[in-house]
Amino acid sequence: MVKKLLAFNDAQTQRVEVVILSRNDPVSGMRVFRSAQHYGLPIQRGSFTRGQSPWRYLKPLNANLFLSTHLSDVRAALDAGVPAAQVYPHSAPMLTMIGSAMLPEAAHLSSPNMAGFSTLVGFVTAVGFKLFE
């Protein structure tokens, strides 16, 4: 999914930035950045909160979409006005589907907030279909 998001960027324009927000400690964060570098992912920013909820960083980072396994963080992000959705650990195929099908359509919209909202709506719809299979 990260590769699909970053594929919207080209040499002239950076349309997407992936920022890592994690409850891990900063030492673990260094390993995360080394892994990203190893896999060729240009991830430059992240916050590692030592167990604290990361949603407070969303507004200062100008986040357009927040995905988390922690429902309480998702609810807090939504309360703060940031589109958000809960990701389940076994939902990797669903996230790949979003990256392949929904994100290109959302990226063509003129407003970055609308792109985040459109992606969120698609994600929630996909989760709904998955739950009722």
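User: Which strands do the buried residues of helix H3 pack against?
Analyst: This is a predicted model, in which local features need pLDDT of at least 70, side-chain atom pairs count only at pLDDT 80 or more, and totals for chains, interfaces and linings use all residues. Residues are numbered from 1 along each chain as its sequence is written, and side-chain values use heavy atoms, with hydrogens and water left out. Helices (H or I, at least four residues) and strands (E, at least two) are DSSP runs numbered from the N terminus, and contact means heavy atoms within 4.5 Å. The buried residues of H3 pack against E3 and strand E4 (84-86).

User: How wide is the arc covered by the buried residues of H3?
Analyst: Buried means under 20% relative accessible area, exposed over 50% and partly exposed in between (1.4 Å probe, protein chains only). In helix H3 (residues 71-79), the buried residues are Asp73, Val74, Ala76 and Ala77. They lie on the same side of H3 because the arc, taken from the directions from the helix axis to the C-beta atoms, is only 165 degrees.

User: Which exposed residues does the other face of H3 carry?
Analyst: Just after H3, Gly81 has a positive phi of about 90 degrees. On the helix itself, the face turned away from the buried side carries the exposed residues Ser72, Arg75 and Asp79.

User: What is the C-alpha to C-alpha distance between Leu58 and Ala77?
Analyst: Leu58 is located in the loop between E2 and E3 and counts as buried, at 3% relative accessibility. Leaving out residues up to four places away in sequence, Leu58 touches Leu21, Ala63, Phe66, Ala77 and Val82. Leu58 and Ala77 are 19 residues apart in sequence, while their C-alpha atoms are separated by 7.5 Å.

User: How many residues are in the core that includes Leu58?
Analyst: A nonpolar core is a set of buried Ala, Val, Leu, Ile, Met, Phe, Trp, Tyr and Cys residues joined through side-chain atoms within 4.5 Å. The largest one has ten residues: Leu5, Leu6, Phe8, Val16, Val18, Ile20, Ala36, Leu41, Ile43 and Phe48. Apart from it lies another core, with Leu58, Phe66, Val74 and Val82 among its members, and its residue count is six.

User: Within what arc do the buried residues of H2 fall?
Analyst: Helix H2 (residues 26-38) has 13 residues and reaches 18 Å from first to last C-alpha, close to the 18 Å expected at 1.5 Å a residue, where the expected span is 1.5 Å times one less than the number of residues. Its buried residues are Ser28, Gly29 and Ala36. They line one face of the helix because, seen down the axis, they fall within an arc of 105 degrees.

User: Which strand is included in what covers the buried residues of H2?
Analyst: On the other side of H2, Val27, Gln37 and His38 are exposed. The cover over the buried residues includes strand E2 (46-48).

User: Which backbone nitrogen does a side-chain oxygen of Asp25 approach?
Analyst: Just after H2, Gly40 takes a positive phi of about 75 degrees. At the start of H2, a side-chain oxygen of Asp25 comes to within 3.0 Å of the backbone nitrogen of Val27.

User: What is the relative accessibility of Arg50?
Analyst: Most residues other than glycine have a negative phi. Arg50, although not a glycine, has a positive phi of about 55 degrees, and its place is in the loop between E2 and strand E3 (66-68). Arg50 counts as exposed because its relative accessibility is 64%.

User: What is the relative accessible area of Asn62?
Analyst: Asn62 lies in the loop between E2 and E3, and its phi is positive, near 55 degrees. Asn62 is exposed, with a relative accessible area of 61%.

Note on methods
Polar contact = N/O pair within 3.5 Å; in protein donor to acceptor, adjacent residues only side chain to side chain.
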